Amino acid sequence: SRGLCRSIMSAQEQQQAQPPVPAAAASSEAAELDAANGYEAVVPHWFYCKVTDSRERWIPFSTQDSERLEEAHGSGRDKEDLVVPTSGGRYDVHLKKRQRVAVYWEEEVSEVRRCTWFYKGDKDNKYIPYSETFSEELEEAYMIAVTLDEWKKKLESPSREIIILHNPKLMVHYHPVATSDDWGSTPTEQGRPRTVKRGVENIAAEIPNGEPLQIDHLVFVVHGIGPACDIRFRSIIQCVNDFRNVSLSMLQAHFKKAQEQQQIGRVEFLPVNWHSSLHSTGVDVDLERITLPSINRLRHFINDTILDVFFYNSSTYCQTIVDTVASEMNRLYQLFLQRNPLFKGGVSIAGHSLGSLILFDLLTNQKAAPEEDEHREEGSRTTSSNRGTEEVKEILKKLELSEYCDVFEKEKMDRQALFLCTEKNLKEMGIPLGPRMKILHYISSKMEMQRGAEPGSPLQRDPDSTEDGRNCQYRDIGLGQVSANYPQLNYKPTIFFAFGSPIGMFLTVRGVKRINPNYSLPTCKGFFNIFHPFDPVAYRIEPMIVPDLEFEPMLLPHHKGRKRMHLGKAKSSPSPPAPSSCCSPQPDTDPSCLSELKEGLTRMSVDLKNNLLGSLRVAWQSFTRAPLPAVEAASTDAEAEAETGVEKQPDTKPDETPAAVKEEASLINVGRLNGGNRIDYVLQEKPIESFNEYLFALQGHLCYWESEDTVLLVLKEIYQTQGITLDQPLPGSQ
């Protein structure tokens, strides 16, 4: 490199020693020189190395994180042990050590590199960055070549590989191919050349912009049985990463207005791992002694996954599990507050499969404050009786009528006054018909709930019981629970989301025949039970609250507003659908559904054709991949026209009234477990899944991590507690 610097200096001295030339000639010569000497310093980008199955993969930091790292590097403070938070604060980069370290969970430390020059790898054609020191040498050689217009420069890398700079567009890298003998080896230019690129903009890397800095809400996610959480055998950390990424795209698509007005930032999702703590107790060694040697892999799989259910029903290991989950969530919460001292948002919790049951048992054993107990007995969800108009504002926000808050505040309406309102009063206040109906229905449902909670009510009280309804059902809801000391959480969750949950089945097996409609979780206001229709592990909750009424779960709207094979009969119909309605296409199937079906079949056939024997897992992945953006974008208008046309068709049967059915279904009183709102929500199966529900049963239980519909419901309910709604309500949403 010193020789290269001397070459530049000698070239500059020769230019200075030249005799003076006329001004016109000088200007033209300067222009030619500028064109020839068009050197611009390369813009670096920061990468980190991810090692998976002994294979290295270099991943770029987001633009936001890379700029922060470059700023810290440029300040000269990287010689200290400077720590820069990245990836939304979930990872710290130690600049001096060039290491990326996970903050909230245990993970292998990743190497970090400031990258400017890249070469194409042999195996997967991905570009790999050169080391920082060798990149500096390459940049120096490139600068000389551009400045002096002298190309075909040849450099030797530390691993004795040859790099030749032919011209700005053609730079190649040769493997060392030499024969070893007593005289040593000499690198040559033989072998297959590899492409060399300068600057990250020339390698077509997908670089995300970065995440919003503001965090509005925190969600802890607890996994189910086993160490793997999806069909690709990935950990809870990787699955929650997918869930978080989908949430960021859903925020951009459905909360764009609130983002532009800087009303919202994002929701943070953090994984909670209890499996490793359970299996580090030594129980695996004990199981190994008694496990038969035959069908070894299957037995190992059962020991590592299925037995988690039995462990949870053991008082010894149940205590280990609930202690781990509660202490881990408390630890993560305190650590999050330390790193985000300005955070003022709420906290929610989500559980998948067995994880949802663990959380449910924890929540049923939380201790509410005495004043909250008193209000709960009175059928009130508020925390204080003197909140006045603030209570009314909360009710209006829940009903998505926040724009009328000023009207009620002007009339000095508190909760008691609101419950005395008639339709005439609301009309005189200038409230339109639609909002009036919502408010009046809310008032009537709450009054009915309070009447149902009166002593002697057959729906709330066991005939032989002498205790009030709530205390009786609080005892019943814990009936059959494993004897354990359930820890207390350091916060009160806003909402509890259960994905593919067996809570209903476990309660029934424990002897709980029904849940008191007046029962609610002591410290958590909301509860949503979300499941795929083919999920073999999922069970409903609402029939345990309203056993005498047959009705379907709420159909989760598609995140793009279209329908998938559900036009024949509404899923949310109180009457059970025909046996073939969910397993075969209806005559009036949405054209967009057929398009999606065609894409799914095409992806499946291509995957199977290319690698029938060795890559069955890839074929499974094709079922869950989103359709190509170009195809979706091109068919949006056609989908809208098709759906509009279908909706405008006159009903030929008296029972096919989707709008009325959905309204009636959403108005069913399912008790206070979710604040009077519906609890059970079913996803729409994909077109290809409708052909054989048994084939897709396992995928149905593991689909939630990348389900846009699931993520959108979670975001909608979280932001609704803050008075923020979707840009446009989705068809069929509650």
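**Entry 1: β7 and its sheet**

I started with F118, which stands opposite P129 in β8. Note to self: this is a predicted model, so everything here is read off a prediction. F118's neighbourhood made me look at the strand pair: β7 (residues 117-120) and β8 run antiparallel and are joined by 3 bridges.

Next I wanted the whole sheet. What is the strand order here? I read β8-β7-β12-β11-β10-β9, an open sheet of 6 strands with antiparallel pairing. β8 (127-129) and β9 (153-156) are the edge strands, and each pairs on one side only. On average, neighbouring strands in this sheet are turned by 30 degrees against each other, direction ignored.

Then I looked for a helix against this sheet. Helix α4 (residues 132-148) lies across β7, β9, β10 (162-167), β11 (170-174) and β12 (194-198). I also noted its direction: α4 runs at about 170 degrees to β9.

**Entry 2: the sheet that holds β1 to β6**

I moved on to another open sheet of 6 strands, with the order β2-β1-β6-β5-β4-β3 and antiparallel pairing. Which strands stand at the edges? They are β2 (55-60) and β3 (83-86); each has a single partner strand, so one side of each is left without a neighbour in the sheet. The average turn between neighbouring strands of this sheet is 30 degrees, direction ignored.

A reminder from my course notes: strands of a sheet pair through backbone hydrogen bonds, either parallel or antiparallel.

I then checked who faces whom along β6. Strand β5 (residues 99-102) is joined to β6 (residues 110-115) by 2 bridges, and the two run antiparallel. R100 stands opposite S110 in β6, and Q99 stands opposite E111 in β6. β1 also pairs with β6: they run antiparallel, with 4 bridges between them. There I found W46 opposite R114 in β6.

**Entry 3: salt bridges**

How many salt bridges are there? The count comes to 22. I picked out a few to follow.

I began with R331 and E328, whose side chains meet in a salt bridge at 2.8 Å, N to O. The two sit 3 residues apart in helix α11 (residues 315-339), so about one helical turn separates them. Buried or exposed, I asked of E328? It is buried, with a relative accessible area of 18%, because the cut-off for buried is under 20%. R331 is partly exposed, at 37%.

My next pair was K393 and E409, with the closest N and O atoms of their salt bridge 3.5 Å apart. This pair links distant parts of the chain: K393 is in helix α14 (residues 389-398) and E409 in helix α15 (residues 405-410), 16 residues apart. Both ends came up partly exposed: K393 has a relative accessible area of 22%, and E409 has 37%.

Then I tried D680 and R540, which form a salt bridge at 2.9 Å, N to O. D680 lies in strand β19 and R540 in the loop between β17 (526-531) and α21 (542-545), so the pair ties together parts that are 140 residues apart in sequence. D680 counts as buried at 0% relative accessibility, while R540 counts as partly exposed at 21%.

I also noted a network: salt bridges that share partners join R90, E211, R244, R266 and E268.

**Entry 4: R678**

Where is R678 found? I located it in the loop between α25 (658-666) and β19 (680-682). R678 counts as buried, since its relative accessibility is 0%. I looked for what its side chain reaches: a polar atom there lies 2.8 Å from the backbone oxygen of E552.

**Entry 5: cysteines**

Last thing on my list was disulfides. A disulfide is a covalent bond between the sulfur atoms of two cysteines. I got a count of 0 disulfides. C239 is in none, and its nearest cysteine sulfur, that of C229, is 4.9 Å away. Why does that not count? The cut-off is 2.5 Å between the sulfur atoms, so C239 and C229 at 4.9 Å miss it. I checked burial too: C239 counts as buried at 0% relative accessibility, and C405 counts as buried at 10%.

Conventions:
Residues numbered from 1 in each chain as written. Predicted model: local features only at pLDDT ≥ 70, side-chain atom pairs only at ≥ 80, totals over all residues. Heavy atoms only, no water. Buried < 20%, exposed > 50% of the residue type's maximum accessible area, 1.4 Å probe, protein only. Polar contact = N/O pair within 3.5 Å; in protein donor to acceptor, adjacent residues only side chain to side chain. Salt bridge = Lys/Arg side-chain N within 4 Å of Asp/Glu carboxyl O. Pairing = 2+ DSSP bridges. Axes fitted to C-alpha atoms, helices over the stretch in contact; angles between N-to-C directions. Contact = heavy atoms within 4.5 Å.
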